[in-house]
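Please open the model in your viewer and keep the sequence panel at hand. We will go from stop to stop, selecting a few residues each time.

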Amino acid sequence: MKLVRTEEAVGHVLCHDMTQIVTGGTDSQGHEKERFKGPRFRKGHVVQPEDIPVLLSMGKEHLYVWEMEPGMLHEDEGAKRLAALCLGEGCVASGEPREGKIGINAATDGVFLVDTERLFAVNSTDQVMIATRKGNFGVKAGDALAGTRVIPLVIPETMLAAAEAAADVATFGPLMRVAPYKLKSAAIIATGSEVKRGLIEDTFTPVVVRKLAAFGIECASIAKPGDDMADLVSAIDAARAQGVDMVVCTGGMSVDPDDNTPGAIKRAGARIVTYGAPVLPGAMLCVGYFDGEDGASVPIVGLPGCVMYNAATVFDLVLPRIAAGIPLVKRDFVELGEGGLCLGCKPCTFPVCPFGK
């Protein structure tokens, strides 16, 4: 930082806001007119030739400025380069940089995906930052996804290069993207002998129908096969024969001997990814896939009973990715453990508060 004559400041970066006061004078009755007082030039502004008369009229004959030496970048230029690391599929910059910041918004509805490890590596670089919303949740077009900022007014170009190397977009692609929802249809299998016999009202299926519809998935059929293992397997086979994109089994996933749902999912030929998840409510979730010869996989989900009466459960944590056709592996469920304890807030604000996160 150095002090220079205002006439010699063109091309330099202001270190402080420059406040301008415009006096309103008085009207014909002697009343004071409205006055203006506020920042005329913001910190970080690059002084232009046309700014000189204005600055002088404000009484600024000298200015404190950063020198733009070779190898240094203005904060706005740095912000553009940081934003470029984030602009994956379905992501768009919110506008031009201001004070070293650029926002990233969703360009489409879908699930927001973030490469956590590379984001960590970028944020481990000094003098730069990228803050995102929590990944793996559904977003709407126009939603804010992330913000980038260069911390100082000017930054060594080597710092930006280090952040870019940490992101390695050329090899792995951008740090984030919005994957559009792909699944369009689902078959629901409402288990339980009491449901089959009509002894109780099926209040589970309507809840699942609403949750699926929020992601553009239509319920194509509802079967009520009871609890017999062979009948459950037949119902799953019939659902698959319809060509639906997803199969959902409701009615509970307990360890009771007469609860055959997990076994039926496996016996029907599904590749089980997980039976159980470190999430409360929803620890008894079962997720598997029917892998086709063409490489496509149809997910099948066995839902614990808590999905019927809790506002948010493990199903809500994984459904956005399932709806977008993102293949889930065991690690995806293991990682839910931190923050996987619902705090039971009243009223529930999910997904603003995805449990304890």
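Start by selecting Glu75, Asp76, Gly78, Ala79, Arg81, Leu82 and Ala83, the buried residues of helix α2. This helix runs over residues 75-84 and is mostly covered, with seven of its ten residues buried. What do the buried residues of α2 pack against? Add strands β6 (72-74), β8 (101-106), β10 and β12 (144-150), together with helix α4, and you have their packing partners on screen. Keep in mind throughout that this is a predicted model.

**Stepping back**

Now zoom out to the whole protein. Its secondary structure comes to twelve helices and 20 strands. The radius of gyration is 29 Å, well over the 21 Å that the globule rule gives for 357 residues, so the protein is more spread out than a compact globule. Turn the C-alpha trace around and you can follow its span of about 90 × 60 × 30 Å along the principal axes. If you colour by burial, 42% of the 357 residues count as buried. Switch on the surface next: the accessible area comes to about 17900 Å², and 53% of that belongs to carbon and sulfur atoms. Colouring by charge picks out 35 positive and 44 negative side chains, and the centres of these two sets lie 3 Å apart. As for contacts between residues at least 6 apart in sequence, 69% join residues at least 24 apart.

**Helix α3, two sides**

Select residues 116-123, which form helix α3, and highlight Arg118, Leu119 and Val122, which are buried. Why do these buried residues line one face of the helix? Look down the axis of α3: its buried residues fall within an arc of 105°, so they line one face. It helps to recall that an α-helix has 3.6 residues a turn, so residues three or four places apart point the same way. Thr116, Glu117 and Phe120, on the other side of α3, are exposed. To see what the buried residues of α3 pack against, show β9 (110-114), β10 (128-132), α4 (157-167) and α5 (169-172).

**Two threonines**

Go next to threonine 6, in the loop between β1 (2-5) and β2 (13-14). Is threonine 6 buried or exposed? Its relative accessibility is 0%, so threonine 6 counts as buried. Leaving aside neighbours within four places in sequence, its contacts are Ile52, Leu55, Leu56, Lys60, Glu61, His62 and Leu63.

Then jump to threonine 203, in the loop between α6 (193-196) and α7 (204-213). With 37% relative accessibility, threonine 203 counts as partly exposed. Try your distance tool here: from the C-alpha of threonine 203 to that of methionine 246 is 20 Å, while the two are 43 residues apart in sequence.

**A glycine and an alanine**

Glycine 251 sits in the loop between β17 (246-250) and α9 (261-267). At 46% relative accessibility, glycine 251 counts as partly exposed. Not counting residues up to four places away in sequence, glycine 251 touches Thr191, Phe204 and Leu303. Draw a line from glycine 251 to serine 94 and you cover 44 Å, C-alpha to C-alpha.

Alanine 179 belongs to strand β14 (residues 176-179). Which residues is alanine 179 in contact with, leaving aside its neighbours within four places in sequence? Select Gly110, Val111, Leu113, Ala324 and Ile326 to see them. Alanine 179 counts as buried, at 4% relative accessibility.

**Backbone details to finish**

Show the backbone as sticks and find leucine 280 and proline 281, which are joined by a cis peptide bond with omega of about 5°. Proline 281 is in the loop between β18 (271-275) and β19 (286-291). Another cis peptide bond runs from phenylalanine 350 to proline 351, with omega near 5°. You will find proline 351 in the segment after α12 (330-334).

Two last selections concern phi. Asparagine 136 has a positive phi of about 75° although it is not a glycine, and its place is the loop between β10 and β11 (138-139). Aspartate 168, in the loop between α4 and α5, has a phi near 45°, also a positive value in a residue other than glycine. Asparagine 136 is partly exposed, with a relative accessible area of 27%, and aspartate 168 counts as partly exposed at 26% relative accessibility.

Conventions
Residues numbered from 1 in each chain as written. Predicted model: local features only at pLDDT ≥ 70, side-chain atom pairs only at ≥ 80, totals over all residues. Heavy atoms only, no water. Helix = DSSP H or I, 4+ residues; strand = E, 2+ residues; numbered from the N terminus. Rg over C-alpha atoms; globule rule 2.2 N^0.38 Å. Buried < 20%, exposed > 50% of the residue type's maximum accessible area, 1.4 Å probe, protein only. Contact = heavy atoms within 4.5 Å. Areas by Shrake-Rupley, 256 points an atom, 1.4 Å probe, with all protein chains shown as cover. Lys, Arg positive; Asp, Glu negative; His and termini not counted. Charge placed at Lys NZ, Arg CZ, Asp CG, Glu CD. Arc of directions from axis to C-beta.
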